[in-house]
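Please load the model in your viewer and keep the selection panel at hand. The tour below proceeds from one selection to the next.

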Amino acid sequence: MVRTRVPAAVVGSDDRLVIFAEQNDEALFQSLRRDLAERLRVNHTCFTFRYIAALPVNANGKVDYRRLQEEL
């Protein structure tokens, strides 16, 4: 759902998800936060959006989730 609107990757813990997005648009983040909360039936505060210029990738060209996790 998120990646259909902006390049993004998600990392987090049991109670919070951090969504790294390659766009810095607070209005878009608010809309996505509401949509996710409604769809997943959780409080919108469970989602935090962070801008990142480019998602890190590993040698295989896939998103490097370990490096994103280190940003938390």
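Helices (H or I, at least four residues) and strands (E, at least two) are DSSP runs, numbered from the N terminus. The model is a predicted one, in which local features need pLDDT of at least 70 and side-chain atom pairs count only at pLDDT 80 or more, while totals for chains, interfaces and linings use all residues. Residues are numbered from 1 along each chain as its sequence is written, and side-chain values use heavy atoms, with hydrogens and water left out.

**The sheet.** Select β1 (8-12), β2 (residues 17-21) and β3 (47-51). These strands form an open sheet in the order β1-β2-β3, with mixed pairing; two strands pair if DSSP finds at least two bridges between them. β1 and β3 each have a single partner strand and stand at the edges, so one side of each lacks a neighbour in the sheet. On average, neighbouring strands are turned by 25° against each other, direction ignored. β1 and β2 pair in the antiparallel sense over five bridges; to view one bridge, select G12 and its partner in β2, L17.

**The helix.** Next, add α1 (26-40). α1 packs on the sheet and touches β2 and β3, where contact means heavy atoms within 4.5 Å. The direction of α1 makes about 150° with that of β3; axes are lines fitted to C-alpha atoms, for helices over the stretch in contact, and angles run from 0 to 180 degrees between N-to-C directions.

**The cores.** A nonpolar core is a set of buried Ala, Val, Leu, Ile, Met, Phe, Trp, Tyr and Cys residues joined through side-chain atoms within 4.5 Å. Buried means under 20% relative accessible area, exposed over 50%, and partly exposed in between (1.4 Å probe, protein chains only). The largest core has twelve residues, including V2, I19, F29, A37 and F49. Two or more residues come from each of β2, α1 and β3, and α1 gives the most, with five. Apart from this core lies another, of seven residues, among them V18, I52, L55 and L68.

**The loop between α1 and β3.** Which residues does H44 touch, not counting those up to four places away in sequence? With that exclusion, H44 touches R33 and A37. H44 lies in this loop and counts as partly exposed because its relative accessibility is 42%. From C-alpha to C-alpha, H44 and R33 are 5.8 Å apart.

Finish at C46, in the same loop. C46 has 22% relative accessibility and therefore counts as partly exposed. Beyond residues up to four places away in sequence, C46 touches D15, R16 and L17.
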